[in-house]
Amino acid sequence: MKKAIVFIATSLDGYIAREDGSFEWLFTDQDYGYTPFSTGIDTVVMGRKTFDVTMSFPEYPHAGQQVYVFSRTRTEAPRDDIVIVNRDPGEFLRELKQQEGTGNIWIVGGGELLRDLLTAGEIDEFQIAVHPVLLGGGISLIAPKAKTSWLNLKACQPYETGLVMLKYEVIK
């Protein structure tokens, strides 16, 4: 069965972006484990706000991967490899994890989708790049009212830049 893995960056105070969605504070000077992670992924799941940010990039970052975007407002996908989903996230991911494939599922974000999937018990692992910056506010890693979840630390990789990559499995 496929694993649902959150691979994401946060500030030290737990924000994935500023209130306006900007993330200029993220380090981009090194790979920080992205390349080895991405080689094990064949499916990408994200919320609509994260998708909108992704589509603003100069180059589409998910070519060759099947992408599912959760949205209550959007109905049309701009590419053939993108599917808009407007059903229960936990139920959908549970079914997706059962499908055949060569890789795992990358849960990109955002906070509302992560809350819903965590509450449904469908996230298997977190890989979090903690950046040494305090934003003082913004979009939280997990939106409010998520269930309490316990994690088991599997790895911790510090970098000379001060960034720390944490890998946790979710205890079911």
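Q: Are the two faces of β7 covered or open, and which residues sit on each?
A: Both faces of β7 are covered. On one side Glu125, Gln127, Ala129 and His131 are buried, and on the other Phe126, Ile128 and Val130 are buried. Buried means under 20% relative accessible area, exposed over 50%, and partly exposed in between, with a 1.4 Å probe and protein chains only. Strands are DSSP runs of E with at least two residues, helices are runs of H or I with at least four, and both are numbered from the N terminus.

Q: What kind of model is this, and how are residues numbered?
A: This is a predicted model, in which local features need pLDDT of at least 70 and side-chain atom pairs count only at pLDDT 80 or more, while totals for chains, interfaces and linings use all residues. Residues are numbered from 1 along each chain as its sequence is written, and side-chain values use heavy atoms, with hydrogens and water left out.

Q: Back to β7. How does β1 run against it?
A: β1 and β7 run parallel and are joined by 7 bridges. Thr10 has Val130 in β7 as its bridge partner. Two strands count as paired if DSSP finds at least two bridges between them.

Q: And what about β10, parallel or antiparallel to β7?
A: Antiparallel: β7 is joined to β10 (residues 164-170) by 6 bridges. Ala129 is bridged to Met165 in β10, and Glu125 stands opposite Glu169.

Q: Which strand pairs with β10 in a hairpin?
A: β9, with 5 residues between the two strands. β9 (residues 151-158) and β10 pair in the antiparallel sense over 7 bridges, and Pro158 has Val164 as its bridge partner. In the turn, Gly162 has a positive phi of about 100°.

Q: Where else does a positive phi turn up?
A: Gly121, just after α4, takes one of about 75°. Within α4 (residues 111-119), Gly111, Leu113, Leu114, Arg115, Leu117 and Leu118 are buried.

Q: Switching to β3. Why call it largely enclosed?
A: Because 7 of the 7 residues of β3 (residues 41-47) are buried.

Q: What does β3 pair with?
A: β3 pairs in the parallel sense with β6 (residues 104-109) over 5 bridges. β3 also pairs in the parallel sense with β4 (residues 66-70), over 5 bridges. Val44 stands opposite Trp106 in β6 and opposite Val67 in β4.

Q: How does the chain get from β3 to β4, and is that crossover right-handed or left-handed?
A: The chain goes through helix α2 (residues 48-55), and this β-α-β crossover is right-handed. In other words, with the strands pointing away from the viewer, the path from the first strand over the helix to the second runs clockwise.

Q: Pockets next. What is the volume of the largest?
A: About 1,500 Å³. A pocket here is an open set of points on a 1 Å grid over the protein atoms alone, with protein on both sides within 12 Å along at least five of seven lines, whereas a cavity is a set where a 1.4 Å probe fits but cannot get out. Points are joined across faces, edges and corners, and the volume is the space filled by probe spheres set on them.

Q: Which residues are closest to its centre?
A: Of the 48 residues that line the largest pocket, the closest are Ile8, Thr50, Thr54, Val108 and Gly109. Lining residues have an atom within 4 Å of a point.

Q: Which element gives the most to that lining?
A: α2, with 5 residues. Other elements supplying at least two residues include β1 (4-11), β6 and α4.

Q: How does the lining divide by type?
A: Into 25 nonpolar, 15 polar and 8 charged residues. Ala, Val, Leu, Ile, Met, Phe, Trp, Tyr, Cys and Pro count as nonpolar, Asp, Glu, Lys and Arg as charged, and the others, Gly among them, as polar.

Q: How many aromatic pairs are there?
A: The whole structure has 10. Rings of Phe, Tyr and Trp (its six-membered ring) pair if their centres lie within 6.5 Å, and planes under 30 degrees apart count as stacked, over 60 as edge-to-face and the rest as tilted.

Q: Why is Phe7 with Trp106 edge-to-face?
A: Because their planes are at 85°, with the ring centres 6.1 Å apart. Phe7 in β1 and Trp106 in β6 are 99 residues apart along the chain, and both are buried. Ring pairs also link Phe7, Tyr34, Phe37 and Trp106 into a cluster.
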